[in-house]
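Please look through the sequence and the structure shown below before reading on. The report then takes up a few of its parts, one at a time.

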Amino acid sequence: MKTIEVKKPSGYFTQIGPAHPALKEPVMFNLDVEGERIIKADFAPGMSHRGIEWMGLRRNCIQVIYLAERICGICGITHSISFVRAVEQIAQIQVPVRAHYIRSIVGELERIHSHLLWAGVAAHELGFDSAFYLAWRVRENVMDLVEYLTGNRVHYAMIQIGGVRRDITREQFPRIEESMKFFDNAYDQLARVFLDDTTVQMRCRDCGVLTYEEARQLCPVGPTARASGIKKDVRVDHPYAGYADLDIEYMTPDRLTGEVRGDVYDRIVVRLLEVKQSIALVRQLLEQMPDGPLLAIPKPAVLLAKLKGAAGEAVGRHEAPRGEVMHYVRLEAGKDEPVSWKVKASSYSNYLSWIPMMEGEQIADIPIIAASIDPCISCTDRVALVQDGNRRVLTKAELHRLSVEKTRRIQASLSAR
Amino acid sequence: MTFPIVPDLLSSLFKKPNTNPFPAPQLPPTVTGLLDEVNQGKAELNPPVPAPERLRGKMTYNRETCIGCNLCIKVCPAHAIEAIPAVKKVRFYVSQCIQCGQCTEICPKQCLALSGEFLNASHDRYDRSLIVER
Amino acid sequence: MSVNEILLAAGGALIMAFFSMVGGLWFAGIDRVLAARMQARIGPPVRQPFLDIAKLMIKQNVVPANAIPWLFNGAPVVALASAVTILLYIPMAGIPGLPILQGHGDLVLIMYLLILPALAMVAGGLAAGSPYATIGAQREMVTMIAYELPLAATIIAFAWKFASLGIEHPFSLATVAAQPVWTLVGPVGFMGLLLLLVTMLLVVPGELGRIPFDAPEAETEIAGGLLVEYSGRNLALFTLSLAVKTIVVTSLIVGLFFPWNLTDILAVACCATTAAMINLAFFILKLLVVMFFSVTLVRISVARFRINQVVDVYWKILGVLALLGMFLVMADALF
Ligand code: SF4
Ligand code: SF4
């Protein structure tokens, strides 16, 4: 790509973030630039460590569901569903089928609103504010629907260990279908505005490319991976909730454009396609939803008692709008609180793709490239290492040494018992 | 060259704005001043978008039937409930409550419920209206 | 000029400065409301830019530690002063006594003067000592060079047309105002003029640093670029200079392409004051229409260009368009 380079004797170093209008959340980019071109890109996360796992280890499993729900401000079901899936495995609780379906419905509605939110943010990063207002205006409809179904716009509080807390009844179906019809039209309009617009094409085509090979090496998840042509989706690969019964396929950009380029434009295409896919899935879920109970263990007090007796470890996964989310949980008998809870947010897997995407592009492309993986930075940040007022990065060797030390400590304390 | 959003933009020029002007169409000089005027009946608020029936809003508590079992405290994720051991009752801090409704499900006496009331903002966390005791 | 004339001109300049600032801010308010309505929002009240300026004026004026203070503080004053100065050369609605410096400058001078506010911004940005401001300043220089080609092509086309008709002072704006250029050309030239009009309408957002040509400020990229370190009174002055510049460039387009007066069209005869009032109102309406199509509508219907795309668009698309327009206007004389 040609660039007008404002000649400088050599490259200079600049930083973007942690507080910058291009970034909706704190992360820092360290860039070597020459004129407008980025020669070398690096980033430093860890600016918004909230200690949420620490809080979780001081609450019982039912309380943690709501805490998990609040890891992200956009995904209201992502983290709670991953957490309860892990706990259900440990306590061997069989979730009723109807509850599975309801989980999937809420999950798909969430995908619609999250992708629309993203579309708005991306448009804003491009300076295309009208598309931003359009996307968010359209999104209001699904927010209203979610509020109607769950009682809240963002934090749905729908998930319970062993099922869901609220039913979606037959009387509510027409209201849902009404919204789905609305989104059929909205999809057409958004696809026109985002994909046919000349200026959007100028900014996004062949910008921030992540090739198939690079994606294979860096293992991104969700739309970021699929936009590079990687066929990967937890809903298809390891079906859970209601997804096993559905016609569901990988959404790669070639379905619409006939080719995979792995650029920012393709990431827009994938997300729009997924909005359309979610609409179809919601319809299908409503159609196939069986009758039955909502909860395996209806009484929360009984559930708490059962969880207190459960022991073991498990991993719960979910295909969030941004990609695979993973929760590792370890419970011990006689304890209400989990002894270990580890959250891997989807953005964690996507961060590294920033580097090949940014290198060689222009400073002007940083906002849209940063936004194109739809990063959820506060959800991802777990550790910030500060020693004597200085930030430090732990190397692999140090981490390994620390882990060995900890294992020794635990072994010693176990044998002392 | 295509600019598909232009027709939408031009047609919106002749439509009503999509924004619901809640609580007032433009930012008043002082928000508290506006609220004071509303309380005195001098001004009126624009109504918010109607909330759905099953919205989870402010807590209601039936003090009479409560037996002080403290189960609600055990599941409350936000530590919004305080026990009053002397009288075996509880107290709810709405400013802390996240309106998850988990307490309403575990209460053996069904003395808790979430109402649809959602305009609970105040500049004092411990305002009378934000502590539910009966 | 006698001393009297100079005093008169100075007084007039002050009055013009006041009215252009008020007018510019009012235009900015209208621009924001219109943009909001098109995006289905309510938007701010029309007086919002005035409130903003009032707020900026009472805020602290921060000068960064590694800035060059005299340049940093001087740039906004120069920007505003030069923007007002251009206005003194542009004829308005055939009102007697306007422009104040009638007969002293021509289109070429205006072209040069138009660079001044932008140069002041560049100087201020470079003096701010912030990497973002430096990037912004570099981009602003590139943008300036970029929109010069279509602008120059348009002005040359006009001058050529008038010169070819043997009219005296072909570069003078008074000449253009006296004879609406559309009446001088045939169908081919008409097409050419249309192209030139489109080009000029798209030069405006570049001149004013609005989307899609706002790479020098690019809020989401370089956090306001040139203006990132500016605050308080200095920022207010820059905002005012931008407001005045809006009036300047829209007046320039109206002056070049739509110099008609309402009283002439309707051929009404009334006293001079009434006529002036009517013409002024009509003139402001024309400015608003031009602003709507060149600023408001453009800035909300597209995404921002990268700086290399700014150059590409101005040179390869608009430049070619302007040159084509110019040739059509010239070719017109052959028929
Ligand atoms: S609704 Fe949730 S947060 Fe509020 S008091 Fe009940 S359990 Fe606590
Ligand atoms: S669970 Fe119900 S009965 Fe028990 S203390 Fe709470 S409100 Fe009272």
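## Where chain B meets chain C

In this predicted model, about 1,200 Å² of area is buried between chain B and chain C, and carbon and sulfur atoms give 75% of that area. On the chain B side, the residues that lose the most area to chain C are B:L9, B:L13 and B:Q26, which together make up 41% of what that side buries.

Counted by residues, the contact joins twelve residues of chain B to 15 residues of chain C. The number of salt bridges between chain B and chain C is zero.

## The surroundings of the two ligands

Ligand 1 has around it a set of chain B residues that includes the cysteines B:C76, B:C97, B:C100 and B:C103, and also B:M59, B:P77 and B:F92. Sorted by class, this shell around ligand 1 holds nine nonpolar residues, two polar residues and no charged ones.

Around ligand 2 lie other residues of chain B, among them B:C66, B:C69, B:C72, B:C107 and B:C111, along with B:Y61 and B:N70. The shell of ligand 2 divides into ten nonpolar and two polar residues, with no charged residue.

## Helix α6 of chain A

Helix α6 of chain A runs over residues 173-195, and its 23 residues reach 32 Å from the first C-alpha to the last, which is close to the 33 Å expected at 1.5 Å a residue. Its buried residues include A:F173, A:I176, A:F183, A:Y187, A:L190 and A:L195.

The buried residues of α6 pack against α4, α5, α7, α11 and α12 of chain A, and also against α1 of chain B, which spans residues 6-12.

Definitions and conventions. Residues are numbered from 1 along each chain as its sequence is written. Chains are lettered from A and ligands numbered from 1 in the order in which they are written. This is a predicted model: local features need pLDDT of at least 70, side-chain atom pairs count only at pLDDT 80 or more; totals for chains, interfaces and linings use all residues. Side-chain values use heavy atoms; hydrogens and water are left out. A residue is near a molecule or strand if one of its heavy atoms lies within 4 Å of it. Ala, Val, Leu, Ile, Met, Phe, Trp, Tyr, Cys and Pro count as nonpolar, Asp, Glu, Lys and Arg as charged, and the others, Gly among them, as polar. Helices (H or I, at least four residues) and strands (E, at least two) are DSSP runs, numbered from the N terminus. The expected span of a helix is 1.5 Å times one less than its number of residues. Buried means under 20% relative accessible area, exposed over 50%, partly exposed in between (1.4 Å probe, protein chains only). Contact means heavy atoms within 4.5 Å. Buried area is the accessible area (1.4 Å probe) that two parts lose on being put together, summed over both. A salt bridge is a side-chain nitrogen of Lys or Arg within 4 Å of a carboxyl oxygen of Asp or Glu.
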